[in-house]
Amino acid sequence: MPSVFIKTYGCQMNERDSEAVAAQFVARGYTLAQTEKAADVVLLNTCSVRDQAEQKAIGKMQNLVNTAKKRGNEQLFGFLGCMAQSRGQELVEKTGVDLVIGTQKFHRTADYIDDLTSGRRQTVVDVEEEAGSEATIRDHIDLSALNESSIVGPAPQKVTGFVSIMQGCNQYCTFCIVPYTRGQERSRSIEDIVAECRSLVAAGYKEITLLGQIVTSYGKREIGTKKGKSAFVQLLDAVHEIDGLQRIRFTSPHPKGYGDDLAEAYARLPKLCESAHIPLQSGSDRVLKLMHRGYTRERFLTIIQKLRSIKPNIGLTTDIIVGFPGETDEDFEQTLSIVREIEFDNAYLFKYSPRKDTPAASMEDQVPQELREERHARLLAEVNAIADRRYSNFQNQRVQILVEGPSRRNASRLQGRTRCNKIVVFEGADRHIGQLMDLKIERVGSFTLYGDPAIVNL
């Protein structure tokens, strides 16, 4: 049987898209290869948020294509995702791939590979032109891509399922290319999403993560607020009612989506895990305005205070950009100070990277690369020091985890996550996968906890 290998660069939405594409191939009789060398078809699902990710994917593909040519391998190669959407034909010319599929065309991937294999096509480039245009999205996008179900079959462990509830973004942050590659916001119906979640639970999944570029913007136009509840909270209520589902997570939200109804949902919905990834981006009001983020430092602090008053042990992570155009020493110090005040469990730090055609790319006062590197190093040291303190508090504590499968770093061990999204590694057996387990934390590592189920007094 033919085989396909899919490598993903980027966020959980990219992971979900890759799994949906993998499901197409499995349904047609393909096997999923474990390595590029073993595959008949090699696809890279790429992210465009940072230039480094793009360059890494391009370099990887060039190496794969050149190696295949030297060895006389008749493999097919292709790009999927945001970079494919933004660069299109350029990727064929630069890397020699056979296939380039944009963000709205994932559902056609297997069809195109069949065409290429049979010789009906020589190369395929299918991207939605002007994806950021509201008129284009409204009049021309094939919405079957949005409504297509998520994966059930090809996931290696039936524990955590990812469900895309919407596509696109209306925020237009000045540093971000996503609205131009994924288009404007479009939301699925609550009924469709719940039906998909039910199918995942019926297949054995215990936890569902709801995905959206700004997941808390779900259904604003299509559904709206009812009885004081935003469309997203209405969806959480509906998913919470599914029998057999044990945990609910979501990512990624926007601070503007954290109204009282969402904060209160953490208190009244037992299945909603007490963890939140809320992108801060900067601690400076001046920089936040330049970024077009739509909130202030004070507003962000109010959200955090509200969440911790409801769930004191909530796990909090964030994204931060350093070296945004015009960022002064004072602006950066404000970011340092808010990180110290909030004490996130972890923060994903990014050195500002200009993205083609975004407003920030042409702003004056671009911060020199050396200064970006310096600020990144200082902030990273602060984040790591805070994380060390916060993780050390788990020493000798009892925690509950949902066991997901083998540890990514040591396949002889298992790993799971606490409700507040801490990874716990322990010695266990395959029969534990998918179970809720209590463990005592006997050792704390870097962003990882190590537990022993044998020494918990049940």
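Strand 16 and strand 17 run antiparallel, with four bridges joining them. In this predicted model, the two make a hairpin with four residues between them. Look in the turn for Asn-421, whose phi is positive, at about 75 degrees. One rung of the ladder is easy to pick out: Gly-416 has Val-424 of strand 17 as its bridge partner.

Now follow Val-424 across to its other side of the story. Strand 17 also pairs with strand 19, residues 449-452, and here the two strands run parallel, with two bridges between them. Val-424 stands opposite Leu-449 of strand 19.

Back to the loop of the hairpin. Lys-422 sits there, between strand 16 (414-418) and strand 17 (423-426). Is this lysine buried or exposed? Its relative accessibility is 2%, so Lys-422 counts as buried, the cut-off being under 20%. And what does its side chain meet? There is a polar contact of 3.3 Å between the side chains of Lys-422 and Asp-345. A polar atom of the Lys-422 side chain also lies 3.3 Å from the backbone oxygen of Cys-420. Setting aside neighbours within four places in sequence, Lys-422 touches Gly-315, Asp-345, Tyr-391, Phe-394, Gly-416, Arg-417 and Leu-449. Two of those names should ring a bell: Gly-416 is the bridge partner of Val-424, and Leu-449 stands opposite Val-424.

Next, head for the other end of the chain, where there's another sheet to trace. Six strands line up in an open sheet in the order 2-1-3-4-5-6, with parallel pairing. Strand 2 (31-32) and strand 6 (124-126) are at the edges; each has a single partner strand, so one side of each has no neighbour in the sheet. Further in, strand 1 (residues 3-8) pairs with strand 3 (residues 41-46) in the parallel sense over five bridges, and Phe-5 stands opposite Val-42 of strand 3.

Ser-3 is a handy residue to zoom in on, as it belongs to strand 1. With a relative accessibility of 6%, Ser-3 counts as buried. Beyond its neighbours within four places in sequence, Ser-3 is in contact with Tyr-30, Thr-31, Ala-33, Ala-38, Ala-39, Asp-40 and Val-41.

What about the greasy parts? In soluble globular proteins, nonpolar side chains tend to be buried together. Here the largest nonpolar core has 56 residues, and Ile-165, Leu-210 and Phe-250 have the most contacts inside it. Take Ile-165: leaving out neighbours within four places in sequence, its contacts include Leu-210, Leu-211, Val-215, Phe-232 and Leu-235, along with Ser-187 and Arg-188. Apart from that core lies another one, of 20 residues, including Ala-33, Leu-44, Ala-57 and Val-97. Ala-33 has come up before, as one of the contacts of Ser-3.

Finally, zoom out to the whole protein. The secondary structure adds up to 15 helices and 19 strands. The radius of gyration is 22 Å, close to the 23 Å from the globule rule for 458 residues, so the protein is as compact as a globular protein of that length. Its C-alpha trace spans about 60 × 60 × 45 Å along the principal axes. Of the 458 residues, 55% count as buried. Among contacts between residues at least 6 apart in sequence, 71% join residues at least 24 apart. The accessible surface is about 20,000 Å², and carbon and sulfur atoms account for 46% of it.

Technical notes
Residues numbered from 1 in each chain as written. Predicted model: local features only at pLDDT ≥ 70, side-chain atom pairs only at ≥ 80, totals over all residues. Heavy atoms only, no water. Buried < 20%, exposed > 50% of the residue type's maximum accessible area, 1.4 Å probe, protein only. Polar contact = N/O pair within 3.5 Å; in protein donor to acceptor, adjacent residues only side chain to side chain. Contact = heavy atoms within 4.5 Å. Pairing = 2+ DSSP bridges. Core = buried A, V, L, I, M, F, W, Y, C linked by side-chain atoms within 4.5 Å. Rg over C-alpha atoms; globule rule 2.2 N^0.38 Å. Areas by Shrake-Rupley, 256 points an atom, 1.4 Å probe, with all protein chains shown as cover.
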